[in-house]
Amino acid sequence: MTNHLFTSESVSEGHPDKICDRISDTIVDLMLSKHPQARVACETLVTTNRTVLAGEYRLPEGVVINNDEIEAHVRKAVKDIGYEQDGFHWEKMHFECHLHQQSEDIAVGVDQSGNKDEGAGDQGLMFGYACDETEALMPAPIFYSHKILKEMANLRHSDKNSILLPDSKSQITLKYQDGRPIGTSSIVVSTQHVKDCDQDKIKDLVRNVVTDVLPKGWMCPEEEFYVNPTGIFEIGGPDGDTGLTGRKIIVDTYGGAAPHGGGAFSGKDPTKVDRSAAYLTRYLAKNVVAAGLASKCIIQVAYGIGITKPLSFYVNTDDTGIIEDSLIEKILSNLIDMSPRGIREHLNLNAPIYVPSSAYGHFGRSPNEILNGSFTWEKLDLVPAIRKEAGI
């Protein structure tokens with residue numbers, strides 16, 4: 001379909017599920033700051049004035065971490081988001097930590113030993129995607145959905161008297177003509193706000209953000225611009241809805257414009273291929289598009305727990321490639337070691353770099369955005385080698 005509508009949504013850093021992603025990645029970064037070979041799988045639950053952690057971790061002998069340190073980092077994460085509400089407060093919330101040591105059965109299968117290289121931390125399939133709809137080589141609907149909420153968060157953080165509160169969602173429906181986005185047909189933004197706030201005032205504020213974010217002429221008709229369509233949104237965050245780690249995997253990736261393998265990212269150290277291989281496939285797809293080999297590219301890779309090599313590798317440029325997809329597969333396979341260890345080393349993933357990725361998407365960001373060493377999978381350093389191997 002060359003003429004169609006397509007919709008993607010985003011949620012803010014203050015959405016209950018995203019609070020959980022932020023906390024889980026805070027634990028990953030804390031563990032990796034203790035030792036680059038730390039193993040972590042942390043799940044978080046939040047509800048009214050309560051935060052619960054569960055999962056497992058492993059640190060080398062002699063490297064110590066305690067619950068007080070974990071709790072302090074969790075409370076700071078919630079404070080940084082901006083939660084000081086009666087129903088969810090960084091200082092007053094009840095905190096429980098149920099993290100425990102990683103299973104030795106998993107460790108034996110995954111660890112490097114003797115002549116055996118490090119194996120994947122689990123089985124699974126992962127997808128990466130890139131397209132030339134935006135400068136970030138991301139699908140336009142999810143790109144602009146994220147950008148609206150990021151700008152609203154910037155306004156909130158910069159003004160202590162802002163009428164905006166942390167919990168918000170956006171949804172954009174884009175019109176495509178001849179396969180290219182040309183504007184929005186509808187926009188929905190719901191944002192938590194202070195008590196007794198005029199809804200027209202909120203709508204005017206949001207409209208200003210949206211028109212600044214969208215390309216000129218892309219704004220939808222006024223009758224299709226919906227802000228807090230159900231009315232008052234004063235009770236939000238974990239007081240309004242329970243949150244869990246890993247429930248926003250489509251928001252985290254491509255907004256439904258590309259397949260997803262099903263695995264969440266946040267709370268997992270980079271030996272978990274759910275995370276590291278999804279970053280690898282985005283990296284490869286982005287470099288293929290940036291190199292001019294195609295206007296869109298989907299890449300799939302699959303792994304088995306404890307197995308070093310990928311079990312499959314697949315490239316599909318949806319008939320937009322200037323060379324055969326099978327040739328692109330060979331080029332990429334020759335350029336990158338796709339073992340779990342090879343991915344981590346090439347993208348420098350054993351550093352505490354993950355908190356910035358916990359909101360507003362893991363992809364379409366700038367390398368070193370917010371934190372030095374973050375979003376290395378967004379680099380375009382493979383482009384010269386890809387072009388050379390492709391003979392262009």
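**Figure 1. Close-up of C131, a cysteine tucked away in this predicted model.** Start with C131, which counts as buried at 2% relative accessibility. Where is the closest cysteine sulfur to that of C131? It sits in C297, and the two sulfurs are 11 Å apart, too far for a bond. C131 also falls within strand β7, which covers residues 124-131.

**Figure 2. Close-up of C97 and its closest cysteine sulfur, in C42.** Is C97 buried or exposed? C97 is buried, with a relative accessible area of 17%. The sulfur of C97 lies 7.4 Å from the one in C42, again too far for a bond. A disulfide needs the two sulfur atoms within 2.5 Å, and by that rule the count comes to zero disulfides.

**Figure 3. Close-up of the open sheet β7-β12-β13.** Here you're looking at three strands in that order, with antiparallel pairing. Which strands sit at the edges? They are β7 (124-131) and β13 (312-316), and each of them pairs on one side only. From one strand to the next, the twist averages 10°. Strands of a sheet pair through backbone hydrogen bonds, either parallel or antiparallel. Zoom in on β7 and β12 and you'll find eight bridges joining them in the antiparallel sense. To pick out one of these partners, find M126 and look across to V301 in β12.

**Figure 4. Close-up of helix α8 lying across β12 and β13.** The helix spans residues 325-335. How is α8 angled against β13? The helix runs at about 130° to that strand.

**Figure 5. Close-up of helix α9 and what covers it.** Have a look at the buried residues of this helix: P340, G342, I343, R344 and L347. An α-helix has 3.6 residues a turn, so residues three or four places apart point the same way. What covers the buried residues of α9? The cover includes α7 and β12 (296-303). Just after α9 comes N348, which takes a positive phi of about 55°.

**Figure 6. Close-up of the salt bridge between R22 and D80.** A search of the whole structure turns up 24 salt bridges, and this view shows one made by the side chains of R22 and D80, at 3.5 Å from N to O. Which parts of the chain does the pair link? R22 is in helix α1 (residues 16-34) and D80 is in helix α2 (residues 67-81), so to get from one to the other you travel 58 residues along the chain. The two partners differ in how much they show: R22 is buried at 16% relative accessible area, whereas D80 is partly exposed at 33%.

**Figure 7. Close-up of the salt bridge between E369 and K150.** The closest N and O atoms of this pair are 3.3 Å apart. Along the chain, though, the residues are 219 apart, with E369 in the loop between α9 (340-347) and α10 (383-390), and K150 in helix α4 (residues 140-158). E369 is buried, with a relative accessible area of 16%, while K150 is partly exposed at 26%.

**Figure 8. Close-up of a salt-bridge network around K203.** Four residues are linked here: K203, D204, R207 and E222. Follow the pair K203 and E222, whose side chains meet at 3.7 Å, N to O. K203 belongs to helix α5 (residues 199-213), and E222, 19 residues away, belongs to the loop between α5 and β10 (225-227). Both ends are partly exposed: K203 has a relative accessible area of 22%, and E222 comes in at 39%.

**Figure 9. Close-up of H89 in strand β5.** This histidine is buried, with a relative accessible area of 11%. What does the side chain of H89 reach at 3.0 Å? It reaches the backbone nitrogen of E91. Setting aside neighbours within four places in sequence, H89 is in contact with N49, Y83 and E84.

**Figure 10. Close-up of P259 in the loop between α6 (249-252) and α7 (273-290).** P259 is partly exposed, at 35% relative accessible area. Beyond its neighbours within four places in sequence, P259 is in contact with F127 and I298. G236 is another matter: 23 residues from P259 in sequence, its C-alpha sits 31 Å from the C-alpha of P259.

Notes
Residues are numbered from 1 along each chain as its sequence is written. This is a predicted model: local features need pLDDT of at least 70, side-chain atom pairs count only at pLDDT 80 or more; totals for chains, interfaces and linings use all residues. Side-chain values use heavy atoms; hydrogens and water are left out. Buried means under 20% relative accessible area, exposed over 50%, partly exposed in between (1.4 Å probe, protein chains only). Helices (H or I, at least four residues) and strands (E, at least two) are DSSP runs, numbered from the N terminus. Contact means heavy atoms within 4.5 Å. A polar contact is a pair of N or O atoms within 3.5 Å; within protein, one must be able to donate a hydrogen and the other to accept it, and residues adjacent in sequence count only if both atoms are side-chain atoms. Two strands pair if DSSP finds at least two bridges between them. Axes are lines fitted to C-alpha atoms, for helices over the stretch in contact, and angles run from 0 to 180 degrees between N-to-C directions.
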